[in-house]
Amino acid sequence: MVGITSYGAYIPWHRMKREDCVKAWGGFAMPGERAVAYYDEDSVSMAVEAALDCLTGVDAKKVDGLFFATTSSPYKEKQCSALIAVPLDMRSDIRTADITTSLRAGTSALMLAADTVKSGSAHSLLVAAADMRLGAPAGMGEQQMGDGGVALLVGKDHMIAEILGTYSTSDELAATWRSEEDKFVRAGEDRFVMDEGYSKWVPEAIGGVLKKCGLTPKDITKVTLDPPGDPRRHGKAITQAGFEAGQMQDPYGLVLNVGLPGCATSLMMLVAALEDAKPGDRILVVGSGNGADAMILQVTDAIGKLGERRGIKKNVASKQVMANYNDYLRWRELVPQEAARRPDKQHIRFSANWRERKQLLGLWGVKCRRCGTPQYDNGAATTGPIRICAQCQAQDDFDDYNFVRRKAKVFSYTQDNLAAVTDPPASVVLIEFEGGGRAFFDLTDRDPAKVEVGMPVEMTFRKLQYDRGLTNYFWKARPVR
Amino acid sequence: MPGSIRDKVAIVGMGCTRFGELWDKGPTDLIVEAVNEALTDAGVELKDIQAVWGGTLFSGTGGRTVSEALRLQYVPVTRVENACGSGHEAVRGASYAVAAGIYDICLAVGYEKLKDEGMGGLPGMENRTNTHYQSSMPGVFAMMATRYFHRYGLSPEEGKKMLGKISVKSHKNGAMNPKAHLRREITLEQVLGAPIIAWPLGLFDCCGVSDGAAAAVIVRADMVKKFHNKPVYVKALQISASPTTGRMLTSYDYTHVEEAHRAGIAAYKEAGITNPRQEISMAEVHDCFSITEAVTMEDLQFSPRGRVKEDIDAGTFELGGSLPVQPDGGLKCFGHPIGASGIRMLYEPWLQFQGRAGKRQIKDPKLALAHNMGNEPYAPVVSVCIVGL
């Protein structure tokens with residue numbers, strides 16, 4: 001018996017009205033809005049956020065591995081899951097893998113994790129799927145796609161939903177693709193892709209998994225299926241497989257508010273279904289792309305015991321509508337812009353970042369054993385670590401102290417118009433953590449007009465600098481969402 | 001017991017270039033011009049100089065930058081760097097070497113060529129590898145203003161007005177200084193209406209980024225009779241380097257600079273000053289930003305804590321006030337070529353003591369204080385130098 005033991009999700013704060021795309025380019029506007037990752041976010045940072053949500057109340061040291069699914073990895077070569085494991089504070093003797101380049105990478109990762117746990121190779125595994133795909137400006141893809149992430153913990157104990165069975169198919173058909181040279185996603189002619197791809201893959205996989213589990217459509221409470229660009233095809237595929245419309249996990253919540261976050265889509269819909277699920281419900285999950293993955297889960301009594309988290313609902317509700325389409329172009333660096341006339345940033349120092357990976361990626365500080373003062377050092381003249389206590393000057397007598405989930409308040413701030421940032425002003429804050437410790441951080445996901453002394457903030461994992469192909473990740477503060 | 005520099009060495013000549021965006025001058029020009037003026041002023045020749053201390057943050061490496069510019073003939077040159085406090089550091093090195101009896105006559109020179117960078121700001125001071133937030137230097141000082149306003153209950157309008165008056169005063173003085181970078185008087189309305197650089201600091205709350213150099217000839221006190229100028233004795237040279245814990249510990253209030261306060265106390269003790277507000281005739285402080293000057297007035301005990309506004313409103317620090325501050329325009333208007341600033345701060349007292357300050361002349365000055373600060377308010381090195389007759 002193997003199943004899902006916890007879930008979490010992440011949806012960026014910023015949303016773009018689809019009509020703003022049409023204001024910029026003309027054409028036809030899809031209804032609603034889409035989530036837009038801020039300039040300091042990518043699929044890695046969103047995976048970390050979703051995973052942190054999923055690990056609420058979970059001891060990350062007991063998780064035996066991490067599978068990261070994405071089609072928009074910041075790297076063609078270099079593992080992201082090993083990086084993601086550091087801010088999550090996972091062990092180093094774990095299994096990590098990036099599952100990429102397919103829109104069903106999310107469901108594939110979930111099945112791989114389930115089979116690994118089932119085989120006894122791991123006790124529990126974390127699956128984090130996140131995507132930030134790019135549709136070419138002025139195209140429908142730009143409106144249809146959205147940014148977001150999801151995370152599921154797979155294990156045998158305290159399952160909230162048990163996996164009853166899985167079924168997969170494989171088919172060679174170029175539905176969507178992005179080559180080595182492509183910045184934007186390409187897609188085949190839509191009716192061809194729908195008729196010969198999606199509309200065949202989905203019913204076939206659904207039929208396969210039902211048969212394998214000895215179930216019929218009426219035994220299923222909800223079908224969660226990633227909708228194609230045209231969501232009408234989604235309902236058609238489900239009814240074609242023998243389901244009533246009411247059994248469909250409504251895709252419009254995601255389509256109208258978030259857009260389609262690539263390989264995270266069907267798993268985000270699964271989380272949305274789990275948020276409303278009752279013990280005994282059966283959920284059929286399908287992920288499609290060059291064939292399809294299908295899986296049936298049965299919700300257990302433990303679903304009622306899962307602690308508070310953001311999930312899909314709270315993430316959807318917490319938002320800021322973007323002022324205009326130009327910001328989207330700027331954040332994605334789709335238009336060349338004049339560089340700020342400020343001194344160049346220094347290069348990333350690879351070895352220093354490696355040496356300090358725990359402090360930088362994990363936001364680990366120290367707590368002095370003599371005087372009890374928690375400390376985090378951001379802005380030293382040279383690289384860390386802290387060797388001498390800032391308060392009592394005791395040397396090398398510390399316990400590790402983590403600041404990731406600690407609440408904080410703004411002690412002072414500035415709105416800096418001079419600093420060269422993608423979305424000026426640079427909002428910089430000096431914050432004080434509950435329980436002690438103070439440090440400077442960038443403030444992200446903020447309305448500059450609403451920043452004030454005393455404002456409650458929380459920590460969020462972000463991109464900080466891109467240099468020579470390498471992305472530097474760090475933590476920023478954000479107003480509590 | 002530590003010794004004291006008080007009255008052991010004297011300045012007998014000084015030089016200072018015009019500060020500004022000196023597109024047609026390189027570091028060599030600046031060094032040669034400042035040193036020439038200082039040597040002529042002192043009535044000595046380059047060959048009389050036994051050792052040199054050069055202060056700079058960015059311009060060139062090693063003592064060679066100075067020896068090369070002056071074609072010094074194999075005398076020792078030490079390059080010192082203490083961020084924006086490098087100028088005072090050069091004076092300290094030269095003064096201590098003379099006081100130790102190693103040399104009779106030394107030269108301190110501070111220099112900086114900033115305007116070859118092709119853009120504003122200071123290279124390497126922002127976005128440093130170990131600073132994982134994206135603030136400019138105005139930004140980190142702006143946060144002190146935010147906190148000062150918050151702590152003392154000043155509305156943004158009241159706070160900005162208080163700071164604005166500081167800049168109006170410095171511009172008034174700078175307009176009278178032919179060597180200053182910014183030589184225009186401004187009104188409070190202009191200050192308040194200027195673009196925001198880093199909230200709450202606006203354009204006129206920030207000092208200029210300038211090129212320039214300044215130099216001083218320093219000799220043993222018992223040699224002063226050989227020189228024609230009125231000797232100006234070093235009364236105190238105190239420096240305090242920060243443990244930089246203010247950004248980590250919640251005990252730091254971010255409305256003062258502890259290192260300035262401590263350097264001030266030590267300097268007053270060394271100079272035998274018990275009531276600085278009464279005894280100091282004039283001060284040149286490190287007004288990189290208006291808020292820095294405001295809190296420095298409190299750190300140096302010129303104004304009570306939280307009450308500098310009363311002195312600003314009363315005009316205490318204006319040229320005609322009881323304690324003129326920045327009579328030469330300060331960093332705000334004279335400009336801020338990093339390594340030169342600490343020595344420039346002594347150039348104005350030098351002129352004032354010689355009675356050569358023109359329209360800015362203060363009546364009968366006895367003691368002058370120069371306050372030179374490097375790095376952020378929670379992590380600085382602060383030097384306080386007191387000179388007098």
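This passage describes the overall build of chains A and B in a predicted model, and then turns to selected serine and cysteine residues.

In chain A, the secondary structure consists of 13 helices and 22 strands. The radius of gyration of this chain is 23 Å, close to the 23 Å that the globule rule gives for 481 residues, so chain A is as compact as a globular protein of that length. When the C-alpha trace of chain A is laid along its principal axes, it spans about 70 × 55 × 40 Å. Of the 481 residues in chain A, 59% are buried. The contacts also reach across the sequence, since among those in chain A that join residues at least 6 apart, 72% link residues at least 24 apart. The area exposed by chain A is about 19,600 Å², and carbon and sulfur atoms supply 50% of this area. With regard to charge, chain A carries 61 positive and 61 negative side chains, and the centres of these two sets lie 2 Å apart.

Chain B can be described in the same terms. Its secondary structure comes to 12 helices and 11 strands. A compact globule with 389 residues would have a radius of gyration near 21 Å, and the value for chain B, 19 Å, agrees with this. Along the principal axes, the C-alpha atoms of chain B fill a box of roughly 60 × 45 × 45 Å. Buried residues account for 66% of the 389 residues of chain B, and of the contacts in this chain with a separation of 6 or more, 78% are between residues 24 or more positions apart. Chain B exposes about 13,400 Å², of which 51% comes from carbon and sulfur atoms. Its charged side chains comprise 41 positive and 42 negative ones, and the centres of the two sets are 3 Å apart.

Two serine residues, one in each chain, illustrate positions in loops. Ser73(A) is found in the loop between β4 (65-70) and α3 (81-84) of chain A, where it is partly exposed, with a relative accessible area of 22%. Leaving aside neighbours within four places in sequence, Ser73(A) is in contact with Ser43(A) and Cys80(A). By contrast with these contacts, Glu33(A), which is 40 residues away from Ser73(A) along the chain, has its C-alpha atom 24 Å from that of Ser73(A). In chain B, Ser322(B) lies in the loop between α10 (308-314) and α11 (330-334), and this residue is exposed, with a relative accessible area of 58%. The C-alpha atoms of Ser322(B) and Ala263(B) are separated by 23 Å, the two residues being 59 apart along the chain.

A search of the whole structure for disulfides finds 0 over all chains. For Cys16(B), the closest cysteine sulfur is that of Cys333(B), and because the two sulfur atoms are 14 Å apart, they are too far from each other for a bond. Cys207(B) is likewise in no disulfide, and the nearest cysteine sulfur, in Cys288(B), is 6.1 Å away, whereas a disulfide requires a pair of cysteine sulfur atoms within 2.5 Å. As for their surroundings, Cys16(B) is buried, with a relative accessible area of 2%, and Cys207(B), at 17% relative accessibility, also counts as buried, because buried means under 20% relative accessible area.

Notes:
Residues are numbered from 1 along each chain as its sequence is written. Chains are lettered from A and ligands numbered from 1 in the order in which they are written. This is a predicted model: local features need pLDDT of at least 70, side-chain atom pairs count only at pLDDT 80 or more; totals for chains, interfaces and linings use all residues. Side-chain values use heavy atoms; hydrogens and water are left out. Buried means under 20% relative accessible area, exposed over 50%, partly exposed in between (1.4 Å probe, protein chains only). Helices (H or I, at least four residues) and strands (E, at least two) are DSSP runs, numbered from the N terminus. The radius of gyration is taken over C-alpha atoms; the globule rule is 2.2 Å times the number of residues to the power 0.38. Contact means heavy atoms within 4.5 Å. Accessible areas come from the Shrake-Rupley method with a 1.4 Å probe; for residues, only the protein chains shown count as cover. Lys and Arg count as positive and Asp and Glu as negative; His and the chain ends are not counted. The place of a charge is taken as NZ of Lys, CZ of Arg, CG of Asp or CD of Glu.
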